[in-house]
Amino acid sequence: MSAPTLSPTPSATPTPAETRRPVVPHSRTEDVLGLLTGTFVVSLGLHLLKASEIVTGGTAGLSLLLSYGLPVPFGVLFFLVNLPFMVLAVAKKGWSFAVRSLISIALVSVFTPLHAQLFAGLHLPAVYAAVCGNVLTGIGLLIVFRHNSSLGGFNVVALIAQERLGWRAGYVQMGLDVLVIVAALTVVSPVAVLISAFGAVFLNGVVALNHRPGRYLGT
């Protein structure tokens, strides 16, 4: 008599393929609300930095530096400084990403002077402004990133490095930000630069810890 054929016992632990959930992209309404929310939070963070004469990294920091020495509003400088990076965004990330990024840059350029109007005369301790402003900016950047957009400039470079080379966007951004903050020595005091560097660590830490390759697939 032949031995009975045993059917394979189902595995108690589902395989990764069985547990993988389908990616649900954001709807257009979610993208619009996400970009409005993200850019609003970023602009509030940048206003806190500017109101306390603190700088940060990236093109936002470069625009802040220029605004301290030029009679041109920050919003205008921020928009102009980021325009050249849109060429890179189109070439490496496509028109959809580039257009969304341009819209995000324009929104930050509009929202930032609005805060200046509503919070006229605001003064915060420099260390608190550096931490709070950079944390808000980092949170806003995360929201913008997760809706397939950026704020141009170093954000584009950092995202491309993450996607093409596997480097974390926050760490790439941090390295580039160091260059801008060091350049701030030509405009603000060494103490302000030290506080700015301290705050920039918070910004990039927020991005590095929360924006990792393959972790978020909602775009």
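Let's start in a pocket: the lining of the second largest pocket splits into 6 nonpolar residues, 3 charged ones and no polar ones. Keep in mind as you click around that this is a predicted model.

**Stop 1: the pocket lining.** Select Arg28, Asp31, Val32, Leu35, Leu36, Val99, Arg100, Ile103 and Leu107, and you have the residues that line the second largest pocket. Two elements each give two or more residues to this lining: α2 (28–51) and α5 (95–118). Try colouring α2 and α5 separately. Which element gives the most to the lining of the second largest pocket? That's α2, with 5 residues. As for the space itself, the second largest pocket has a volume of about 210 Å³.

**Stop 2: the whole chain.** Now zoom out and switch to a cartoon view. How many helices and strands does the secondary structure of the chain come to? You should count 9 helices and 0 strands. Follow the chain from the N terminus and the elements run α-α-α-α-α-α-α-α-α.

**Stop 3: contacts along the chain.** Stay with the full chain and look at who touches whom. Take the contacts with a separation of 6 or more: 74% of them are between residues 24 or more positions apart.

**Stop 4: inside and outside.** Of the 219 residues in the chain, 42% are buried. Finish by turning on the surface. The accessible surface of the chain comes to about 11,800 Å², and carbon and sulfur atoms account for 70% of that area.

Notes
Residues are numbered from 1 along each chain as its sequence is written. This is a predicted model: local features need pLDDT of at least 70, side-chain atom pairs count only at pLDDT 80 or more; totals for chains, interfaces and linings use all residues. Side-chain values use heavy atoms; hydrogens and water are left out. On a 1 Å grid over the protein atoms alone, a cavity is a set of points where a 1.4 Å probe fits but cannot get out, and a pocket is an open set with protein on both sides within 12 Å along at least five of seven lines; lining residues have an atom within 4 Å of a point. Grid points are joined across faces, edges and corners, and a volume is the space filled by probe spheres set on the points. Helices (H or I, at least four residues) and strands (E, at least two) are DSSP runs, numbered from the N terminus. Ala, Val, Leu, Ile, Met, Phe, Trp, Tyr, Cys and Pro count as nonpolar, Asp, Glu, Lys and Arg as charged, and the others, Gly among them, as polar. Buried means under 20% relative accessible area, exposed over 50%, partly exposed in between (1.4 Å probe, protein chains only). Contact means heavy atoms within 4.5 Å. Accessible areas come from the Shrake-Rupley method with a 1.4 Å probe; for residues, only the protein chains shown count as cover.
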